[in-house]
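Student: Please take me through one part of this structure in close detail. I am new to it and would like a connected account of how that part is put together.

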Amino acid sequence: MDSKKADKGCPRGKLCCHNWLADIPGGKAENDLVEVQFKNTRKGFYRNSTHIPLEIGDWVAVEASPGHDIGQVTLTGELVKLQMARARVKPDAEIKRIFRKAKPADMEKFAEAKARENDTMIRSRKIASSLQLNMKIGDVEYQGDGNKAIFYYIADERVDFRQLIKVLAETFKVRIEMKQIGARQEAGRIGGIGPCGRPLCCASWMTSFVSVATSAARYQDISLNPQKLAGQCAKLKCCLNFEVDAYVESVKKLPDKSIRLETADNTYYHFKTDIFKRTLTYSTDKSVAANLVTIDAERAFEVIEMNKAGEKPLKLERDGDRKPVAKKEFADLVGQDSISRFDKKKKKKKPASQKGTSEAPALQKEGGKSQGPKQPQKGQNAGQKGSQNGSTTGPAGQQPKKKKKRPQGAKPGQNGSSAVPAGQKVQAPQKSQSSTTSPKPQANESKQG
């Protein structure tokens, strides 16, 4: 492609037409019609009577009433006739002509007129509100020479705006033209992003708008929720019509929803249809989902033929069609811990009867020697049982005395380390048991006599 053509690009993608006859010699010479685009979706067809060399993207000054207008060339050659037939332009209609290519002075005047459009729209809305007219002015378009302004408005009812035209003409000192548009056209002018994450169809490629009915949603088994079915124009979404024809054709190849299926034990009613899988789900209750059975369309036709012949199958589905459904277990897909990792585990509380006591732990062998249990601490109640090494505490009301460390093999009662009263015999430890050693006394305790 030529670099000059690439720089001009295509003015607004949704209204751009590809001239697939451009490579054919003589395609442009045989036809002098040119398609010119103005602001928004407004297009016009003009005759290049002076045979000015024009390319797609050129700015031209065309004939208008009154004065002239500035637009951009979007199509030339033989294809313009097809575009005129699509736009329903009559062959005997008067076709205006192209004056010249736009000059720098024409473009400056056009830019000045375009800069006034927003302020004019705001002021015209206030004027319409003061006249108590039930209408909304959505956009204003100035002609290229600034002598005329087109006001696009939306109204649900018929509006008498004769007084409004007089006030607007006196205020802005231009010729006024009122043009009514719909809510879909207004959304296309404003633009935006749809719920699909893409630009609005009406603002990107759609040029003709067809009415959308709620039956399109019913054919596609879409929930009739007004908030989800409505677009930014507060009307039903245009995309509901895109696939409805394919759904209508697919439904014709499936059994009718009103047909009941009879079996030996039950009567089944249609519950839902999956068009993509060509499966139907039936229920034993008309209004409630009960004992749901899903079969394919071929099996449904078989049962219908059997019912017409007076036969009733034992069950709705074929033998071996039902497969056990495996129960899905929790899977840690993201590599995290269990879902209960933040739950606090409750600690088990000791019973009140065991508070203040010290249980003797099991003996642990370390290097061939056994280590005795810990002695009870100060402040514990007297009269409690000691550990399993044979040590005893004093009478009630006295603090327990800790034993001094005695050498291995010494008998209890020596060095005054035993708290056993006099006159009682102490049994010697058996040979099979290992000798026990008591922990060292604390530094703040005095030595026992």
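Tutor: Two strands are said to pair if DSSP finds at least two bridges between them; strands (E, at least two residues) and helices (H or I, at least four) are DSSP runs, numbered from the N terminus. The model is predicted: local features need pLDDT of at least 70 and side-chain atom pairs count only at pLDDT 80 or more, while totals for chains, interfaces and linings use all residues. Residues are numbered from 1 along each chain as its sequence is written, and side-chain values use heavy atoms, with hydrogens and water left out.

The part to examine is a barrel, into which five strands close in the order 1-2-5-3-4, with mixed pairing. On average, and ignoring direction, neighbouring strands of this sheet are turned by 55 degrees against each other; angles run from 0 to 180 degrees between N-to-C directions, along axes fitted to C-alpha atoms.

Let us begin with strand 5. Strand 5 covers residues 96-101, and two bridges pair it in the parallel sense with strand 2, residues 43-47. Within strand 2, Arg47 has Arg97 of strand 5 opposite it. Strand 5 also runs antiparallel to strand 3 (residues 59-63), to which three bridges join it. There Arg100 of strand 5 faces Ala61 across the pairing.

A loop residue also belongs to this picture. Ile52 is placed in the loop between strand 2 and strand 3. In sequence, Ile52 and Arg100 are separated by 48 residues, yet their C-alpha atoms are 7.5 Å apart in space. With residues up to four places away in sequence left aside, Ile52 touches Phe99, Arg100 and Lys101, where contact means heavy atoms within 4.5 Å. Arg100 is thus named twice, opposite Ala61 and in touch with Ile52.

We now move on to strand 4. Strand 3 and strand 4 run antiparallel and are joined by five bridges. Ala61 appears here again, opposite Ile70 in strand 4. Ala61 therefore has a stated partner in strand 5, namely Arg100, and another in strand 4, namely Ile70.

Helices lie against the strands of the barrel. Helix 2, residues 79-86, lies across strand 1, strand 2 and strand 4, and runs at about 60 degrees to strand 1. Helix 3, residues 104-115, packs on the sheet as well, where it touches strand 3, strand 4 and strand 5. The direction of helix 3 makes about 105 degrees with that of strand 4.

Charged side chains add a further link. A salt bridge is a side-chain nitrogen of Lys or Arg within 4 Å of a carboxyl oxygen of Asp or Glu. The structure contains 17 salt bridges. In one of them the side chains of Arg42 and Asp69 meet, at 3.0 Å from N to O. This pair connects distant parts of the chain, 27 residues apart: Arg42 is in the loop between strand 1 (33-37) and strand 2, and Asp69 is in strand 4 (residues 68-76).

For orientation, another sheet may be set beside the barrel. This second sheet is open, with four strands in the order 9-10-11-12 and antiparallel pairing. Its edge strands, strand 9 (261-262) and strand 12 (293-296), each pair on one side only. Strand 9 runs antiparallel to strand 10 (residues 267-274), with two bridges between them, and Leu261 stands opposite Tyr268 of strand 10.
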